[in-house]
Amino acid sequence: MSLPLSSSAAAAGHFRLGPRQQCSSTPSGFVRRRHDRRLNPNLRRINSACNSKETIDQLKIPAPSLVSLLKDGMKSLQTAVAAILIAVQITTPLPNLIWEECSVPPANAVLYSPDTKIPRTGELALRRAIPANTNMKAIQEALEDISYLLRIPQRKPYGTMEGNVKKALKIAVDEKESILASIPTDLRGSGSELYASLVDGKDGLQALLGSIKDKDPDNLSARLAASLDTVAALELLQAPGLSFLLPQQYMDYPRLNGRATVELTIEKGDGTAFSPQSRGEAKSTATIQVVIDGYSAPLTAGNFAKLVIDGVYDGTKLNCANQAILSDNKLDRNSGYSVPLEIKPSGQFEPLYKTRLSVQDGELPVLPLSVYGAVAMAHSDVSEEFSSPNQFFFYLYDKRNSGLGGISFDEGQFSVFGYTTVGRDVLPQIKTGDIIKSVKLIQGRDRLILPNENQAGLILPNENQAILQAASFLYELGCQRRTTKMWRTAFRRKNRASTSKG
């Protein structure tokens, strides 16, 4: 398995001026000789003073003449510096060394920019990955900006926060019909309740405005988290399935059309115990929950969910590597599918297959690896264009081994398909030799599609609703041309499935 989980950053060079001369009033080199050639008696007298250790007061130079002298000296110094820079620019192989903006090269702008905003928690990454109504995404973005503003110490920009909440509230009120219309009919009752809670609930947008006026950051932070949870719940109702069609060659793979939750029970292999989280008893087993995301990695998440159902990971040993906890790679090679590398870039409509992202060129995945507790598939032993059929790992993100922007140097190289949401404190306690006692799919079994060989290339009946919702979602995004094609393809396959059944 190829797992380059650490790297070193390249050092950036800096242009610095040389040390100041002992007699700072006197230009050095050709500048001094140039001034000597000028008929400036004051300058020549100061030059003599520097050599004879006389003071300026002893020379009895009038104040106006001294000011004029300093101005002449500065102009001459500027001319000399400009000449030097032009010479350097002509002779050096590095273009625009000085007068271009002094910044990190564009190739490293994402890795080394401290302003790069990537999700810092699995919950935030999962929320951003939901393909929901565009109005809900605008509300989400406005509220998430407040999370960054709350990190500012001392004087917090409450005025900006208030503007963000009012913006989100206006969208929620003005676009109520559009928000609720994006929810399937059978789920619209639950959607209406969540909408009311978001606007006027105990921890809704109106309550957020009250916390901002009170300038209570603790109360504001708690209510903001609750509001974002409500936003995520609404968005999940708006996304009953995938918002894109899988390539035809992958239609006979297991796939996850949405979200699922997996629970792992880890047992100590050396007979020791896991440290309790708080005032609890030390136990030899610990529980971890992982939310796997089929919206961004349907094939990878679907393959993993099938392996869980089949009990492939029960009794599997764990191995600790640099920044990772890996499952044993000695499982039956016939277990699992040879799934291609599957990464969905931010801002793109569907995942890329067999293609790694170039983070240094600004490409970032929807599901980043640079989150503590990220879950991804290892590379295949045969080719890095494919993921391992069954070996996965927990990524132990460490900011000390990443760029200034907080991005791992392995970002965009692996198929990330989920995040640890419960039991993150257990991960650093896992050692080589510990065992996965059991793994269960506790939520999302209805989203897992396991097509039969006879149905390869056909859409199963319970996928029809998801396809129609995906087409509606595409229309809202303004993709009319692609939406029309998707509708035609969906109904063509539906009719083909009905004909084959008949």
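A nonpolar core is taken here as a set of buried Ala, Val, Leu, Ile, Met, Phe, Trp, Tyr and Cys residues joined through side-chain atoms within 4.5 Å. In the predicted model, the largest nonpolar core has 34 residues, and those with the most contacts inside it are Leu264, Ile292, Phe392, Phe394 and Ile430. Two or more residues of this core are given by each of β2, β3, α13 (298–309), β8 (374–379), β9 (387–395) and β11, and the largest share, five residues, comes from the helix α13. Another core, of 30 residues, lies apart from this one and includes Leu150, Leu169, Tyr195 and Val199.

The secondary structure of the protein comes to 15 helices and 12 strands. Of the 502 residues in the protein, 45% are buried, and the accessible surface comes to about 26,700 Å², with 51% of that surface belonging to carbon and sulfur atoms. Among contacts between residues at least 6 apart in sequence, 72% join residues that are at least 24 apart.

The confidence of the prediction varies along the chain: the mean pLDDT of the protein is 77, and 66% of its residues reach 70 or more. Over residues 92–115 the pLDDT is below 50, although this stretch has 41 contacts in the model beyond near neighbours in sequence. The pLDDT likewise stays under 50 over residues 472–488, for which the model has 26 contacts beyond four places in sequence.

Eight strands form a closed barrel, which runs β2-β3-β10-β8-β9-β5-β4-β11 with antiparallel pairing. Neighbouring strands of this sheet are turned by 40 degrees against each other on average, when direction is ignored. Strands of a sheet pair through backbone hydrogen bonds, in either a parallel or an antiparallel sense. Within the barrel, strand β2 (residues 259–267) and strand β11 (residues 435–443) are joined in the antiparallel sense over seven bridges, with Glu263 having Lys440 as its bridge partner in β11. Strand β11 also pairs with strand β4 (residues 316–321), again in the antiparallel sense, over two bridges, and here the bridge partner of Lys317 is Ile435 in β11.

Strand β9 likewise has two pairings in the barrel. With β8 it pairs in the antiparallel sense over five bridges, and Phe392 in β9 is the bridge partner of Met377. With strand β5 (residues 324–327) it pairs in the antiparallel sense over three bridges, and Phe393 in β9 is the bridge partner of Leu326. Strand β9 is mostly covered, since eight of its nine residues are buried. Strand β8 is in turn joined by four bridges to strand β10 (residues 415–422), the two running antiparallel, and Val375 stands opposite Gly418 in β10.

Contacts of individual residues connect these elements to the cores and to sequence-distant segments. Leu264, one of the residues with the most contacts inside the largest core, touches Ala286, Thr287, Ile288, Val290, Phe392, Phe394, Ile436, Ser438 and Val439, not counting residues up to four places away in sequence. Two of these partners, Phe392 and Phe394, are themselves listed among the residues with the most contacts inside that core.

Val291 is found in strand β3 (residues 285–293). Because its relative accessibility of 14% falls under the 20% limit, Val291 counts as buried. Beyond residues up to four places away in sequence, Val291 touches Leu126, Arg259, Ala260, Thr261, Phe417, Gly418, Tyr419 and Thr421. One of these partners, Phe417, is 126 residues away along the chain, yet the C-alpha atoms of Val291 and Phe417 are separated by 8.5 Å.

A further buried position is provided by Pro119, which is found in the loop between α5 (109–112) and α6 (122–128). Its relative accessible area is 8%, and Pro119 is therefore buried under the 20% limit. Residues touched by Pro119, not counting those up to four places away in sequence, are Leu124, Ala125, Arg128, Pro368, Ser370 and Val371. Pro119 and Gly406 are 287 residues apart in sequence, while their C-alpha atoms are 9.9 Å apart in space.

Technical notes: Residues are numbered from 1 along each chain as its sequence is written. This is a predicted model: local features need pLDDT of at least 70, side-chain atom pairs count only at pLDDT 80 or more; totals for chains, interfaces and linings use all residues. Side-chain values use heavy atoms; hydrogens and water are left out. Two strands pair if DSSP finds at least two bridges between them. pLDDT is the predictor's confidence in each residue, from 0 to 100. Contact means heavy atoms within 4.5 Å. Buried means under 20% relative accessible area, exposed over 50%, partly exposed in between (1.4 Å probe, protein chains only). Accessible areas come from the Shrake-Rupley method with a 1.4 Å probe; for residues, only the protein chains shown count as cover. Axes are lines fitted to C-alpha atoms, for helices over the stretch in contact, and angles run from 0 to 180 degrees between N-to-C directions.
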